Amino acid sequence: MGFRRFILKRLLAVVPILFGVSIITFALVYLTPGDPVDLMVGMNPHVSAADRARIRADLGLDAPVYVQYYRWMINGLQGDFGIVYASNREVSEIIVTRLPETVALGIFGWVFALLIAIPTGIYAAVNKDRAGDHVSRFIALFGISIPNFWLGLMLILVFALWLDWWSVLAPREPLYSTSMLWYLILPGVTIGTAASAILMRIMRSSMAEEMNKDYVTAARAKGLPERTVILKHVLRNSLISVTTVAAFLTAGILAGSVVVEVVFNWPGLGRELVNAVVGREVNLILAITLFTGIALVIANLLADIAYAVLDPRIRYD
Amino acid sequence: MSTQRGRIRITGFDPQAVEDRDPLSEWTDYEGTETEGRWVRAARNFRRNRVAMFGLVVVLLMAFVAAFSRPVEVWGVVVQPFSLAPYDPRTILYLQPDYAHVGRYDPPSLAHPMGTDGSGRDLFSRVLVGGRYSVSIGFIVVTITATVGIVYGSISGYYGGIVDEVMMRILDVIFAFPGLVLALVLVAMLGGGYWQLVAAFTIFGWASYGRLIRGEILKVKENEYVMAAKALGARDRSVIFRHIVPNAITPVIVQASLSVGTVVIGVAALGFLGIGFEPGTPEWGTMLDQTLETLVQGPGGRIPWWATIYPGLAIFLFVMAMNLVGDGINDALDAQEDVAMTQGGGG
């Protein structure tokens, strides 16, 4: 099976999963005990039962579940996810403005995680069972155990309030400006810490395992410098194990974005989701949950493709 | 074998490590010489591991403190009369005649070792009681999800074929969402509160155990003793739960012990976001929710660092201790190195 066919096969496998994702999303929210009409007219005592029924029919809430799902999906495919009841804004407009903020944060988190984890993982594997390895293990334990919201609060406390390197609230400037890069640091570090800790351990164990293989002995016997052996031969093979956890880590970063955006008041989709949950904005909850699911499915797909690039055996399944 | 190398699988845990395990190692190494059960051996290994024992002591101590911090009443009957916490965690002290001098955000002092919070409540008492919520939810959720996951994964792995295919595709869909986002949406639907949070983390939380044990079962079911049991006419149910599951359960136990910390962080995170519990509940995450506002709005003059540091430190300490225990169990059971690390954390 060639590479192209492999990708095609993976792409086709994604379709039923996306379908399932949309069903779970819709089912989750459809279980709501509350009634959106109640929310809309809650403040207004002059709304009669007939008005309620009319609003209900206008919104299509009187139709059976599967019809509602069908409408939601057809509209969604055309980019229409309804409106936010409280502000009358289009959900799709909110998604479009918030999405880049979350993506920027997520990418920063990933880059931070990789920058920390890969060198540390290599170092720990090369110095296996020596002091450096134990220290890195301890750091990883810290990174995994620390709750990200508390880490964020502590960073604010130390770097924004005590040292005064940042102002507590990021100024609102266009996302793609150099000053925003500076303000991405604290939330980015917060979001990337857990991923970095996990990745560090995975790099270490996969490198340590690869280093026992015959090809490493062969490379050394050829007289290659140790540096080349590690960085060229071992590293490439250990990166395969990174791709196997990439989707898992992306899930962690996405979940982290919800919390971290609230801590740092970062105007992304995560903060929007929390606001939607507090305000019970069903359309917005639906859309953001759906996009989270889609993002992870895509991340998974990319990880699979990266795996196939790094390990060509996969393509000949 | 159906799990030959190089076959790609959707990730969610580290399949490489599971794959690299020699499925028969346990069996051949100890055959003949073994006089004690593997659980006895594992317990002995665990006791020898000082770091893990330290973690266990911290976990037990924190659980003990949470249980005995304030009296416990069940349906009006006092079942636990002790009270380690000096003040009631919900009492706003300056409203009490005896404590009128206590202010909001009083710094740590002898009377209030961790200071007071933004409403003038004793932070030390609140931190002691705080473990009751997230910690107990953590253990309850892990027990339920691991059990459900074991049953689901066992059925899927044992029967294979179309049953397996369908059950695993369902898992793929669940894995398309981060656990915390699902829990968040579920809490939005169910409302906050103790059992609502248990439900929010349970409804989809079993999925990772299901996938984990299925992988193990695919290997274990190839063993001769399984065929022997079938040949002797054992029913499927007894083959699965008496012969296969006990031999496939090790990684699940490891993951369960590491997941307690993840759930504790998740519960505290929902508390922090202000949707897990009523405001003012003495729960670690909820306590931090209040301090965020203070930090952001810029407290006048001094910064009440104690209100931010102590509740979070309690979560951190508990989760770290629990992860040490999980690592220790991992080592004691000889499960794969570091598969453990991929399961903890997050949130």
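**Entry 1. Burial and fold of chain B**

I count a residue as buried if 20 or more other C-beta atoms lie within 10 Å of its own. The model I am reading is predicted. By this criterion I find 51% of the 347 residues of chain B buried. I assigned 14 helices and two strands to chain B. I then looked at the contacts of chain B with a separation of 6 or more, and 71% of them come from residues 24 or more positions apart.

**Entry 2. Confidence**

I noted a mean pLDDT of 80 for chain B, with 82% of its residues at 70 or more. Residues 337-347 of chain B have a pLDDT below 50. I still find 54 contacts for this stretch in the model, beyond near neighbours in sequence. For the complex, I recorded the predictor's ipTM of 0.85 and pTM of 0.83.

**Entry 3. Chain A**

I looked up the secondary structure of chain A and obtained 12 helices and zero strands. Read from the N terminus on, the elements of chain A are therefore α throughout, given as α-α-α-α-α-α-α-α-α-α-α-α. Of the 317 residues of chain A, I find 41% buried. Among the contacts in chain A between residues at least 6 apart in sequence, 75% join residues at least 24 apart.

**Entry 4. A:A27**

I located A:A27 in helix α1 of chain A, which spans residues 3-30. Is A:A27 buried or exposed? I count 11 other C-beta atoms within 10 Å of A:A27, and a residue with 12 or fewer is exposed, so A:A27 is exposed. I also took a C-alpha to C-alpha distance from A:A27 to A:A308, and obtained 34 Å for a sequence separation of 281 residues.

**Entry 5. Helices α5 and α6 of chain B**

I next examined helix α5 (residues 123-159) and helix α6 (residues 161-174) of chain B. Their axes come within 7 Å and cross at roughly 140°. I class α5(B) as oblique to α6(B) because of that angle, since only angles over 145 degrees count as roughly antiparallel. The crossing in which α5(B) passes α6(B) is left-handed.

Which residues make the contact? On the side of α5(B) I list B:Y152, B:S156, B:G157 and B:Y159. On the side of α6(B) I list B:G161, B:V163, B:D164, B:M167 and B:M168. I sorted the residues of this contact into five nonpolar, three polar and one charged.

**Entry 6. B:F124**

I placed B:F124 in helix α5 of chain B. I count 22 other C-beta atoms within 10 Å of B:F124, and therefore record B:F124 as buried. What is B:F124 in contact with, leaving aside its neighbours within four places in sequence? I find B:P86, B:H112, B:P113 and B:M114. From B:F124 to B:A199 I obtained 29 Å in space, C-alpha to C-alpha, across 75 residues in sequence.

**Entry 7. Helix α10 of chain B**

I checked the burial of helix α10 of chain B, residues 224-231. How many of the eight residues of α10(B) are buried? The number is zero, so I record α10(B) as lying largely in the open. I then read the backbone angle of B:G233, which follows α10(B), and its phi is positive, near 90°.

Terms used:
Residues numbered from 1 in each chain as written. Chains lettered and ligands numbered in written order. Predicted model: local features only at pLDDT ≥ 70, side-chain atom pairs only at ≥ 80, totals over all residues. pLDDT = per-residue confidence, 0-100. Contact = placed C-beta atoms within 7 Å. Helix = DSSP H or I, 4+ residues; strand = E, 2+ residues; numbered from the N terminus. Axes fitted to C-alpha atoms, helices over the stretch in contact; angles between N-to-C directions. Parallel < 35°, antiparallel > 145°, perpendicular 65-115°, else oblique. Left-handed = near helix turned anticlockwise from the far one by under 90°. Nonpolar A, V, L, I, M, F, W, Y, C, P; charged D, E, K, R; others polar.
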